[in-house]
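Got the model open in your viewer? Let's walk through it one selection at a time.

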Amino acid sequence: MVNKKQTPKNAQDKTEPQQTLALFSHDDLLICGVDEAGRGPLAGSVVAAAVILDPARPINGLRDSKKLSEAQRDALAVEIKEKALAWAIAESSVEEIDQLNILQATMLAMRRAVEQLSITPELALIDGNRCPVMAVRSEAIVKGDDKVPAISAASILAKTARDHALLDLHQLYPDYAFDQHKGYPTALHLARLQQHGVTPVHRKSFGPVKALLA
């Protein structure tokens with residue numbers, strides 16, 4: 001979706017197979033944090049972000065995006081894009097989600113985000129319990145979005161990008177209230193689905209949507 005260009009700092013192209021490293025063994029490595037937003041919704045793409053923070057330009061207030069208000073997320077997203085050494089946001093489409101399944105589509109979006117960084121990291125720290133297959137070495141960190149600042153930053157960029165995308169979908173499909181539920185299976189969303197039917201932006205492989213199409 002978007003990619004910030006920076007001049008690489010001693011970054012080398014890594015083409016070795018995926019490996020896992022012990023947590024906290026990356027002090028001297030150029031790392032990126034990776035996180036996603038939108039695995040659970042019934043509509044819209046799944047979005048992932050990758051961020052390489054600049055130690056010389058610290059950002060206060062980084063934490064799991066779900067623990068921040070919308071205003072805090074939006075303000076931090078601007079600061080992250082301004083201060084990070086590199087950042088990128090990528091997605092997997094509704095069609096890819098239905099074809100691959102949501103897990104594999106999420107892994108694909110994460111890999112795309114890392115590959116779109118203008119600086120090649122030496123290690124990607126992934127929020128969660130599994131890593132996408134990619135050339136860059138990676139390590140999965142459960143609840144990493146509240147432990148690792150770079151993952152927190154990625155969480156914020158992914159969340160704000162997806163929320164803004166759902167506001168665009170609301171303009172296309174105002175009857176579905178995407179601006180309120182952001183595609184998640186809330187009572188309001190399910191009621192609007194029952195009333196108005198399935199749109200092209202709904203994930204047809206997800207249970208409530210599949211049931212309506214049956």
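A disulfide, for our purposes, is a pair of cysteine sulfur atoms within 2.5 Å. How many disulfides does the structure hold? The count is 0. While you have cysteines in mind, select Cys32 and Cys131. Cys32 is buried, with a relative accessible area of 0%, and Cys131 counts as buried too, at 15% relative accessibility.

Before going further, colour by confidence, since this is a predicted model. The protein averages a pLDDT of 90, and 87% of the residues score at least 70. Now pick out residues 2–24: here the pLDDT is below 50. In the model this stretch has 57 contacts beyond near neighbours in sequence, so read those with the low score in mind.

**Strands E5 and E6**

Next, select residues 123–127, strand E5, together with residues 137–141, strand E6. Parallel or antiparallel: in which sense do E5 and E6 pair? They run parallel, over 5 bridges. To see one position in register, put Asp127 and Ile141 on screen: Asp127 stands opposite Ile141 in E6. E6 is mostly covered, with 4 of its 5 residues buried.

**The loop into H4**

Step on to Lys143, in the loop between E6 and H4. Its phi is near 55°, a positive value in a residue other than glycine. Buried or exposed, what is Lys143? Exposed, at 61% relative accessibility.

**Helix H4**

Follow the chain into H4, residues 149–172. At 1.5 Å a residue, its 24 residues should span 34 Å. Check the ends: the end C-alpha atoms are 35 Å apart, which agrees. Now show the surroundings of the helix. Because 17 of its 24 residues are buried, H4 is largely enclosed by the rest of the structure.

For a close-up, zoom in on Ala150, which sits in H4 and is buried, with a relative accessible area of 5%. Which residues does Ala150 contact, leaving aside its neighbours within four places in sequence? Show Cys32, Gly33, Val51 and Leu53. You've met Cys32 already: that's the buried cysteine at 0%. Add Ile31 as well; it is 119 residues away from Ala150 along the chain, yet the two C-alpha atoms are separated by 8.1 Å.

**The aromatic cluster**

Now turn on side chains for Tyr173, Tyr176 and Phe178, which form one aromatic cluster. The structure holds 2 aromatic pairs. Take Tyr173 and Tyr176: their ring centres are 6.3 Å apart and their planes are at 90°, so the pair is edge-to-face. Then swing round to Tyr176 and Phe178, a stacked pair with 5.9 Å centre to centre and 15° between the planes.

Put a surface on and look at the three again. Tyr173 is partly exposed, with a relative accessible area of 22%. Tyr176 is buried at 6%, and Phe178 is buried at 0%.

**Last stop: Lys182**

Finish at Lys182, in the loop between helix H5 (178–181) and helix H6 (187–196). What is its phi? About 55°, positive although Lys182 is not a glycine. Flip back to Lys143 to compare the settings: Lys143 counts as exposed at 61% relative accessibility, whereas Lys182 counts as buried at 13%.

Note on methods:
Residues are numbered from 1 along each chain as its sequence is written. This is a predicted model: local features need pLDDT of at least 70, side-chain atom pairs count only at pLDDT 80 or more; totals for chains, interfaces and linings use all residues. Side-chain values use heavy atoms; hydrogens and water are left out. Helices (H or I, at least four residues) and strands (E, at least two) are DSSP runs, numbered from the N terminus. The expected span of a helix is 1.5 Å times one less than its number of residues. Buried means under 20% relative accessible area, exposed over 50%, partly exposed in between (1.4 Å probe, protein chains only). Two strands pair if DSSP finds at least two bridges between them. Contact means heavy atoms within 4.5 Å. Rings of Phe, Tyr and Trp (its six-membered ring) pair if their centres lie within 6.5 Å; planes under 30 degrees apart count as stacked, over 60 as edge-to-face and the rest as tilted. pLDDT is the predictor's confidence in each residue, from 0 to 100.
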